[in-house]
Amino acid sequence: MNQLEFHALLQNQRKFFFTGATLPLQFRIAALKKMQAYIKQNEKEITDALTADLGKSALEGFMCEVGLVLSEISYMLKNIKKFAADEKKSTCMTNFPAKSFLRKSPRGVVLIMSPWNYPFLLTIEPLVDALAAGNTAVVKPSAYSPNTTRVIQKMLTECFAPEYVTVVTGGRAENQSLLEQRFDYIFFTGSHAVGREVMKKAAEHFTPVTLELGGKSPCIVDKTADISLAAKRIVWGKFLNCGQTCVAPDYILCHQSVKTELITALKQQIVVQFGVVSLANNSYGKIINKKHFDRIRALIDPSKIAYGGKSDAALLKIEPTIMDNVGWNDLIMKQEIFGPVLPVLTYATDEELIKVVNSHARPLALYLFTSNKELEDKVLSRCSFGGGCVNDTIVHMATHNMGFGGVGESGMGAYHGKVGFDTFSNTKSIVNKKTWLDVKMRYQPYTSAKEKKLRKFLK
């Protein structure tokens, strides 16, 4: 599509939006139910596409993508009337007599740009929130996950008219052309580099954005942690989707006294969860493409491998790999890994730990394994990060009752559940003034008597 075609697409969506067709809750509910039914009927087609793109097993595809989308839809259907209802607020005496309330209105025509690592979840979940809030949407999935993109395009084309929801396919050129248009909101999940470009282009139109980015998310293991359980949960969270998860533990920062025990436990858990020959495990995913395969391989220093390190270029697979004796000057600590390689670093004191975390870019997630409540409070209070877990990994993003998002370099804005509904809504503050009484104090002429009363009243 060229610029004129993109402009026409947006004009058609904006025209449809301004008819008010998306405002009735029954229209929104019907849209969500239509998508819900389609996903349930075509689950195998979706999970097969995820297998083709990322090597995900059907179970992982359902657990980490399809199931979470269905859960978000169910949650929205259950709560949409409450989320959309006016929220009453108390009225200050200066506005007496009146009533005050907040009204949620859809933002309008929104753009959702999604990544390749969870291509179904990270496309459709924000779309669920956007449609629940009453918007129209242009959806731009990643070109790196073509099989899932085809399924998404087929699904949304069959479920919705193009003036309501449209899928745009393609790569960088299409992204650039879309960003030249004036949207009412942009929701982007992806890399820092593209996120900066999205923000620059959005600023030209004063378009608000949500940026879901990433970063080097630390996984802290204190000397009081349950090492066996910590290793089990870290291995699951790190090597899920072959490490290609924006909230995966990027590196371990463990107390120096437990490093040896922890590495031993991590090795054992890799064997338990993925087998002795993980490259032959059909439930263990693959790297999305050769470009990223080569990038990750280049980060591995053979002299610092504590476990794993093998790879299969034909299958685009890299073993779950642990690296030891790693420092901040090593190449692997210079960028987000986004792959199945886990460096282990150490600290000696709590203050050193806090200093190390805060001396680097604010991460999307932070994980802390400890039985020390004092340390827990210290880390949660003094370290800046998007969200995280105590004594677990990843699972904080799989809830409707809390928002998920980053801070600083790891992103801005949040979604999931009510927070997602609010993200795609404009909250209007309304004072509805009564007409049976009109207080004259505010009107000119401003006399000294009025000033005296006003100062007494407002103090």
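## The three-stranded sheet

In what order do the three strands of the open sheet with antiparallel pairing come? In this predicted model, the order is β1-β2-β20. That puts β1 (87–89) and β20 (425–433) at the edges, where each pairs on one side only. Going from one strand to the next, the twist averages 25°.

Take a look at how β1 meets its partner. Strand β2 covers residues 98–106, and three bridges tie β1 to β2, with the two running antiparallel. If you want a spot to orient yourself, try Glu87, which stands opposite Leu102 in β2.

## The six-stranded sheet and helix α1

There's also an open sheet of six strands, and here the pairing is mixed. Read across, the order goes β5-β4-β3-β6-β7-β18. The edges belong to β5 (165–167) and β18 (411–412); each has a single partner strand, so one side of each has no neighbour in the sheet.

For a parallel pair, look at β3 (residues 109–113) and β4 (residues 136–140), which are joined by five bridges. Ile112 stands opposite Val139 in β4. Helix α1 (residues 3–17) packs on this sheet and touches β3, β4 and β5. The direction of α1 makes about 150° with that of β4.

Helix α1 is also where you'll find Gln11. Is Gln11 buried or exposed? Neither, quite: with a relative accessibility of 40%, Gln11 counts as partly exposed. Gln11 and Glu163 sit 152 residues apart in sequence, yet their C-alpha atoms are 8.8 Å apart in space.

## Helices α2 and α4

Two packed helices are described by the angle between their axes and the distance between those axes. Helix α2 spans residues 25–41 and helix α4 spans residues 58–84; they pack at about 165°, and their axes are 10 Å apart. Angles over 145 degrees count as roughly antiparallel, and α2 and α4 are therefore roughly antiparallel to each other. The crossing of α2 and α4 is left-handed.

Which residues make the contact between α2 and α4? On the α2 side they are Leu25, Gln26, Arg28, Ile29, Leu32, Lys33, Gln36, Ile39 and Lys40. From α4 come Val66, Val69, Leu70, Ile73, Ser74, Met76, Leu77, Ile80, Lys81 and Ala84.

## Cysteines without disulfides

How many disulfides does the structure hold? Zero. Take Cys64: it is in no disulfide, and the nearest cysteine sulfur belongs to Cys246, 12 Å away. A disulfide needs the two sulfur atoms within 2.5 Å. Cys64 counts as buried, since its relative accessibility is 8%.

Cys254 is in no disulfide either; the nearest cysteine sulfur there is that of Cys219, at 9.6 Å. Cys254 has a relative accessible area of 0%, so this residue is buried.

## His396 in its loop

Where does His396 lie? Look in the loop between β16 (387–390) and β17 (404–405). Being in a loop doesn't leave His396 out in the open: its relative accessibility is 10%, so it counts as buried.

Which residues is His396 in contact with, once you leave aside its neighbours within four places in sequence? They are Val247, Ala365, Tyr367, Gly387, Gly388, Cys389, Met402 and Phe404.

Notes: Residues numbered from 1 in each chain as written. Predicted model: local features only at pLDDT ≥ 70, side-chain atom pairs only at ≥ 80, totals over all residues. Heavy atoms only, no water. Pairing = 2+ DSSP bridges. Helix = DSSP H or I, 4+ residues; strand = E, 2+ residues; numbered from the N terminus. Axes fitted to C-alpha atoms, helices over the stretch in contact; angles between N-to-C directions. Buried < 20%, exposed > 50% of the residue type's maximum accessible area, 1.4 Å probe, protein only. Parallel < 35°, antiparallel > 145°, perpendicular 65-115°, else oblique. Left-handed = near helix turned anticlockwise from the far one by under 90°. Contact = heavy atoms within 4.5 Å.
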